[in-house]
Amino acid sequence: SMPSTRDIRRRIKSIKNTAQITKAMQMVAASKMRRAQDAAMAGRPYAELMNRMLAEVTATATDFQHPLLENRTNTKKRAIILVSTDKGLCGGLNTNLLRDAAQLDKENSVFICAGRKGAQFVGRTRRELTAELSYADVPEFSDARTIAKFGVDLYTKGTVDAVDVLFTNFISTINQKPELRQLLPIVNIKGVEGTVAGDNEGRTLEASGQEFLFEPDAPEVLSSLLPHYINYQLFQILLESKASEHSSRMVAMKNATDNANQIIKDLTLEYNKIRQASITSELLEITTAQMALG
């Protein structure tokens with residue numbers, strides 16, 4: 001049976017309501033996205049400079065010992081800092097991230113979750129959860145410090161032999177990629193992604209052989225720098241994650257709005273067809289009746 005015009009009108013109305021909501025969410029995500037992208041971009045040069053400097057010091061101070069650099073011979077247990085989002089409706093972002101998380105060795109990993117979606121996944125798949133934390137929509141450095149502290153503590157206590165971060169790296173508005181990055185021990189200091197167009201995908205920084213002078217001395221500078229390096233790495237990761245989240249949500253909501261508008265177009269067309277058909281048949285009935293009376 002053909003749908004009645006009333007049914008179609010009702011559907012058009014409800015889809016229009018949905019489109020209004022997704023459009024509003026798209027606008028909110030777009031403005032948050034710009035801020036988050038700018039913040040992630042602004043943080044990269046500092047992170048790069050810091051990594052560069054650390055690469056130099058670790059190259060020169062060869063006999064330097066520090067608990068955070070201690071490479072343990074066999075890694076029995078790993079802590080994974082899983083950075084996800086609190087809210088959904090952001091396209092395939094969490095699905096892709098958690099697909100990678102599911103590949104990680106269940107027996108030998110413990111999870112520190114930043115973001116509710118990751119924590120739900122860890123609970124649902126019966127993995128080991130050490131901590132569940134949240135971070136602000138505009139990440140604060142203190143958020144990163146708190147999250148990092150959990151990882152550093154597990155590592156220095158010897159509960160775990162390595163700490164990795166699994167997060168969604170921001171490449172562009174339409175491209176975000178899950179990435180697993182080793183945080184502890186600090187072995188090879190990586191270049192920050194995306195600072196020089198495309199040529200430093202996770203390259204290890206080489207010491208340039210420039211002489212740096214450190215006050216008071218390299219070991220002392222390193223001792224205070226390394227914890228800050230860890231915190232800053234994580235802070236930059238939170239910024240990249242937020243830029244990814246808002247970009248992914250903006251695109252998802254834009255697609256939803258576009259789809260809704262397309263459906264409204266199609267339904268309106270169908271509605272008009274049915275209306276014309278019913279008008280035509282009414283006219284026929286009237287003419288037939290008149291002829292019969294004639």
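**Exercise 1.** What pattern of helices and strands does the chain follow, read along the sequence?

*Solution.* This is a predicted model, in which local features need pLDDT of at least 70 and side-chain atom pairs count only at pLDDT 80 or more, while totals for chains, interfaces and linings use all residues. Residues are numbered from 1 along each chain as its sequence is written, and side-chain values use heavy atoms, with hydrogens and water left out. Step one is to assign the elements: helices (H or I, at least four residues) and strands (E, at least two) are DSSP runs, numbered from the N terminus. Step two is to count them, giving 5 helices and 5 strands. Step three is to read off the order, α-β-α-β-α-β-α-β-β-α.

**Exercise 2.** Find the backbone exceptions in the loops and state where each lies.

*Solution.* Begin with the background: most residues other than glycine have a negative phi, and most peptide bonds are trans. Next, take the phi values. Leu 89 has a positive phi, near 55°, and belongs to the loop between β1 (78-83) and α2. Its relative accessibility is 54%, so Leu 89 is exposed (buried is under 20% relative accessible area, exposed over 50%, partly exposed in between; 1.4 Å probe, protein chains only). Arg 126 also has phi near 55°; this residue sits in the loop between α3 (116-124) and β3 (128-133) and is exposed, at 72%. Last, check the peptide bonds: the one from Leu 184 to Pro 185 is cis, with omega near -10°. Pro 185 is in the loop between β5 (175-184) and α5.

**Exercise 3.** Which residues line the second largest cavity, and which element gives the most to that lining?

*Solution.* First, define the search: on a 1 Å grid over the protein atoms alone, a cavity is a set of points where a 1.4 Å probe fits but cannot get out, and lining residues have an atom within 4 Å of a point. Grid points are joined across faces, edges and corners, and a volume is the space filled by probe spheres set on the points. The whole structure yields 2 cavities of 30 Å³ or more. The second largest holds about 50 Å³. Its lining consists of Val 83, Ser 84, Thr 85, Leu 93, Asn 94, Leu 97, Tyr 135, Thr 168, Ser 241 and Glu 245. Two or more residues come from each of α2 (93-103) and α5; α2 gives the most, with 3 residues.

Key
On a 1 Å grid over the protein atoms alone, a cavity is a set of points where a 1.4 Å probe fits but cannot get out, and a pocket is an open set with protein on both sides within 12 Å along at least five of seven lines; lining residues have an atom within 4 Å of a point.
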